[in-house]
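Dear colleague,

I am handing over the structure below, together with some notes on what I found when going through it. Please read the notes with the structure open beside them.

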Amino acid sequence: MGEEQGGEGPRLGAQVRRLRVRSVIRILLLALVLGGVVALARITFNTERVTTMWVGARIAADGSARITEVIDYDFG
């Protein structure tokens with residue numbers, strides 16, 4: 001009994017390891033490809049931008065403040 005299991009065990013173990021390594025490589029490649037597609041889509045189709053932004057404040061003698069914020073937003 002021990003001889004039969006020992007004869008196929010190392011060969012089967014090597015095949016299982018090889019399949020696991022191939023599976024991990026496939027998953028990593030798929031993740032890289034999908035990440036590249038997402039990055040390309042984000043660069044290509046994201047045309048909305050904040051082109052200019054500034055903030056100003058005016059403080060009165062009584063200590064009150066008037067704050068102005070201007071944001072130029074380009075919707076593409």
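A residue counts as buried when its relative accessible area is under 20%, as exposed when that area is over 50%, and as partly exposed in between. By that measure, 0% of the 76 residues of the protein chain count as buried, and I would ask you to keep in mind here that this is a predicted model. The accessible surface of the protein chain comes to about 7300 Å², and 61% of that surface belongs to carbon and sulfur atoms.

As to the overall layout, the protein chain contains one helix and two strands, which follow the pattern α-β-β when read along the sequence. Among the contacts in the protein chain with a separation of 6 or more, 23% are made by residues 24 or more positions apart.

The two strands, β1 and β2, pair with each other in the antiparallel sense, and 10 bridges link them. Five residues lie between the strands of this hairpin, where Gly63 takes a positive phi near 95 degrees. Two positions in the pairing may help you to find the register: Met53 has Ile71 in β2 as its bridge partner, while Val55 stands opposite Glu69, also in β2. Of the 11 residues of β1 the number buried is zero, so the strand lies largely in the open. Val55, which lies in β1, fits this description, because a relative accessibility of 54% makes Val55 count as exposed.

Which residues make up the nonpolar surface patch of about 750 Å²? The patch is made by Val50, Met53, Val55, Ile67, Ile71, Tyr73 and Phe75, with β1 (49-59) and β2 (65-74) each supplying at least two of its residues. Met53 and Ile71, already mentioned as bridge partners, are thus both to be found among the members of the patch.

The aromatic residues of the patch deserve a separate word. The count of aromatic pairs comes to one, and this pair is formed by Tyr73 and Phe75, whose rings are arranged edge-to-face at 4.6 Å centre to centre, with 65 degrees between the planes. The accessibility of the two partners falls into two classes: Tyr73 counts as partly exposed because its relative accessibility is 37%, whereas Phe75, at 62% relative accessibility, counts as exposed.

With kind regards

Note on methods: Residues are numbered from 1 along each chain as its sequence is written. This is a predicted model: local features need pLDDT of at least 70, side-chain atom pairs count only at pLDDT 80 or more; totals for chains, interfaces and linings use all residues. Side-chain values use heavy atoms; hydrogens and water are left out. Patches are made of residues with over 30% relative accessible area and no salt bridge: like charges are joined within 9 Å, nonpolar side chains (Val, Leu, Ile, Met, Phe, Trp, Tyr) within 5 Å. Accessible areas come from the Shrake-Rupley method with a 1.4 Å probe; for residues, only the protein chains shown count as cover. A salt bridge is a side-chain nitrogen of Lys or Arg within 4 Å of a carboxyl oxygen of Asp or Glu. Helices (H or I, at least four residues) and strands (E, at least two) are DSSP runs, numbered from the N terminus. Buried means under 20% relative accessible area, exposed over 50%, partly exposed in between (1.4 Å probe, protein chains only). Contact means heavy atoms within 4.5 Å. Two strands pair if DSSP finds at least two bridges between them. Rings of Phe, Tyr and Trp (its six-membered ring) pair if their centres lie within 6.5 Å; planes under 30 degrees apart count as stacked, over 60 as edge-to-face and the rest as tilted.
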